[in-house]
Every structure is written in structure tokens, then in C-alpha cells.
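User: I am new to this structure and would like a close look at one part of it. Please set that part in the context of the whole.

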Amino acid sequence: MSVVAWDGRTLATDGRASSGNLMLAVPKAVRVDKDTVVAWVGDHEHGLALLRWWKAGGKREEWPASQGSDDWVVFI
């Protein structure tokens, strides 16, 4: 289970990915500039695709297919 929590000032995530018996420490939030942090839950590869999309300009028409619909996304 992944966790991202935001209280309006502080963002916190868990830092673990697992596959079978393998467990890894991974970032689930990345600061991309002074005012922007990209965070995700779920599959780590999908999160990294979201991060690449955002760094490439975050154009709606280029939304990563691995994310499915962008209807659930909230940008704060």
C-alpha cells in the first residue's frame, strides 16, 4: 500500500516498493522546481512515467497511457 499525505504545507510519502519477496527503498515524491513536487501512489514505474510527463511539460494530450484517465488527478 502506498501513502501520500498533504496538509496544505507538508507533503509526506512512504518510501517502499515491493515485488514478491523483494522490497526496495524508492522515492515517491520528487521536487522538480522551487514550487513543484510530483508525488504518486501505486506502481512505481507508473509514477516515474508521471514524473517524466510532468518534466516534459505536462501536456494533457501527452498524458501517459499507463495512468489511464486523468479525471482523478488533482493539481494543487
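The request below picks one residue, and the reply starts there before moving outward. Where is Lys28 placed, is Lys28 buried or exposed, and with which side chain does the Lys28 side chain make a polar contact?

Analyst: This is a predicted model, in which local features need pLDDT of at least 70 and side-chain atom pairs count only at pLDDT 80 or more, while totals for chains, interfaces and linings use all residues. Residues are numbered from 1 along each chain as its sequence is written, and side-chain values use heavy atoms, with hydrogens and water left out.

The setting comes before the residue. The protein has 1 helix and 6 strands (DSSP runs numbered from the N terminus, with helices being H or I of at least four residues and strands E of at least two). Along the sequence the order is β-β-β-β-β-β-α. Of its 76 residues, 22% count as buried (buried is under 20% relative accessible area, exposed over 50%, partly exposed in between, with a 1.4 Å probe and protein chains only).

Lys28 sits in the loop between β4 and β5. Lys28 counts as buried because its relative accessible area is 3%. The Lys28 side chain makes a polar contact with the side chain of Asp14, at 2.8 Å (a polar contact is a pair of N or O atoms within 3.5 Å; within protein, one must be able to donate a hydrogen and the other to accept it, and residues adjacent in sequence count only if both atoms are side-chain atoms). Lys28 and Asp14 also form a salt bridge, with 2.8 Å from N to O (a side-chain nitrogen of Lys or Arg within 4 Å of a carboxyl oxygen of Asp or Glu). This salt bridge links distant parts of the chain, 14 residues apart: Asp14 is in the loop between β2 (11-13) and β3 (16-19), and Lys28 in the loop between β4 (22-25) and β5 (29-33). Leaving aside neighbours within four places in sequence, Lys28 is in contact with Ser2, Thr13, Asp14, Arg16, Val38, Ala39 and Trp40 (contact means heavy atoms within 4.5 Å).

A search of the whole structure finds 2 salt bridges. Besides the pair just described, Lys34 forms one with Asp35, where the closest N and O atoms are 3.5 Å apart. Lys34 and Asp35 are both exposed. The backbone oxygen of Lys34 is also reached by the side chain of Arg31, at 2.9 Å.

Arg31 belongs to strand β5. With a relative accessibility of 57%, Arg31 counts as exposed. Apart from neighbours within four places in sequence, Arg31 is in contact with Thr36 and Val37. The C-alpha atoms of Arg31 and Leu51 are 9.9 Å apart, and the two residues are separated by 20 places along the chain.

Val37 appears again in a nonpolar patch on the surface, together with Val4, Trp6, Leu11 and Val41, and these residues have about 400 Å² of accessible area together. (Patch residues have over 30% relative accessible area and no salt bridge; like charges are joined within 9 Å, and nonpolar side chains, namely Val, Leu, Ile, Met, Phe, Trp and Tyr, within 5 Å. Accessible areas come from the Shrake-Rupley method with a 1.4 Å probe, and for residues only the protein chains shown count as cover.) Val41 lies in the loop between β6 (36-39) and α1.

Helix α1 contains His44. His44 is buried, at a relative accessible area of 17%, and leaving aside neighbours within four places in sequence, His44 is in contact with Val26 and Pro27.

The search also finds 2 aromatic pairs (rings of Phe, Tyr and Trp, the last by its six-membered ring, pair if their centres lie within 6.5 Å; planes under 30 degrees apart are stacked, over 60 edge-to-face and the rest tilted). The ring centres of Trp53 and Trp63 are 4.7 Å apart and their planes stand at 85 degrees, so this pair is edge-to-face. Trp53 is in helix α1 (residues 44-55) and Trp63 in the segment after α1, so the pair ties together parts that are 10 residues apart in sequence. Trp53 is buried at 7% relative accessibility, and Trp63 is buried at 13%. Ring pairs join Trp53, Trp54 and Trp63 in a cluster.

Ala65 is also in the segment after α1. Ala65 counts as exposed, at 74% relative accessibility.
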